Amino acid sequence: MNINIDTLIEQGRVIRQGLEYVNPPSNVWRSYAVYKLKDAAQYHSWASTCFRFLNINYSNDPCIKQFNNATEAFEKSNNHFCPEPLDKMIGILEGCKALPQGLDNSELESKMQNDIESAERAFSIYQSYTSNDMNSEECIGAYHNWYSISLALFSKSFTTDDVDMAKFRGVNNAGNGYSLSDNFHEIQSSYYVMLNKIKQGDTQALEQMSKDRIFKKPCLFISHSSEDEYFVEPFVALLQTLGFNKSNLFCSSVEGFGIDEGEDIYDSLRSKFQNANIYVVFVLSKKYYSSPACMNEMGAAWVLRSEYSTIITPNFSISEIKGTINPNKMSIVIDDDKHVRSALNKFKERIITLFDFEDIDDAIVWENNRNKFLSAVKKTNAI
């Protein structure tokens, strides 16, 4: 059979729709979602065919490594077949279609219009389910279907350098129906912005970037008060175990991760925000909100619509969050002994996906590093 990229994408969507959410046993609370493949043999055959197709047709393109990383993430036993890496695999295939395929303009416009209508239909279906039980299996499936179709559509017209595309791709879809609803409201505005740009043909920035093949590198920026150095030093040490270094992590209070000698800190920050895809980690404390510099960083992140995570330090609470940070967004609360470990686990999974890192093979290694970090910050805070 003559395999083409459209066939592979369609097969991927069938596999995606066949993912079944596994409800936890009654009276059991689970901090992560579990899925199972409807037909494992079908998936492995499809993934193998995709690898061969990409290597033959896009041998020098970074999409091969991205597809491989997404496949490994999807197949990891502790990932429980989370749909997000599979969505990424399908999105990568869709992105490859942006390369010249020999279609004339009328064919391209017709295909794009069909994709737009599919995304809008999936959007309406998901909204219809949310009015009943947003944590039902049907509603969760409808969300993932909408997200997968929309991501595939946007991958044709926007790169990760686009602010709305980065925001849309950056959500962690591994949670239950309630967290998916939070994600939906978080990325809904970006969905509308990109959809309207496609309808209006406003993708000139993409065309220029496709010619130049210029992509900003991601960089994690830790926004914190200099008086919370006790906290950020062990946090940076934890991030280093995931693969961070000076090239992709900026933290002004930690030697080796701040500004170079003789540089102006504000010029350095301005350069970082302009020349990299910034992911911000806000380390919130009372000292943070009393710092004008921290308030400026928060404002800059809001203007650029940067993706972010929030960490609530000891002796601070979610109710004290102010400014442009959404207090309803899931935070890592250090004083919450019951949930802080699972929250850090989810943060790790999201960061590994966004920065395209290799995951830590041994879960015990990560757990030891995570627990060492928690012990360090709690011990120092108690002094």
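Buried here means under 20% relative accessible area and exposed over 50%, with partly exposed in between (1.4 Å probe, protein chains only). The model is a predicted one: local features need pLDDT of at least 70 and side-chain atom pairs count only at pLDDT 80 or more, while totals for chains, interfaces and linings use all residues. Residues are numbered from 1 along each chain as its sequence is written, and side-chain values use heavy atoms, leaving out hydrogens and water.

Start with α4 (helices being DSSP runs of H or I, at least four residues, numbered from the N terminus). Of its 14 residues, 13 are buried, so the rest of the structure largely encloses α4.

Helix α2 (residues 40-57) is more of a two-faced affair. Its buried residues are Y43, W46, A47, T49, C50, F53 and L54. They sit on the same side of α2, because they cover an arc of only 165 degrees around the axis, taken from the directions from the helix axis to the C-beta atoms. Exposed A41 and I56 are on the face turned away from that buried side. Cover for the buried residues comes from elements including α1 (5-17), α3 (63-75) and α4 (83-96).

W46 of α2 is in contact (heavy atoms within 4.5 Å) with L8, Q11, G12, I15, F67, L86, M89, I90 and L93, leaving aside neighbours within four places in sequence. W46 also turns up with W146 and F154 as the residues touching the most other members of the largest nonpolar core, which has 53 residues. Such a core is a set of buried Ala, Val, Leu, Ile, Met, Phe, Trp, Tyr and Cys residues joined through side-chain atoms within 4.5 Å. Its largest share, 10 residues, comes from α6.

Definitions and conventions: Helices (H or I, at least four residues) and strands (E, at least two) are DSSP runs, numbered from the N terminus.
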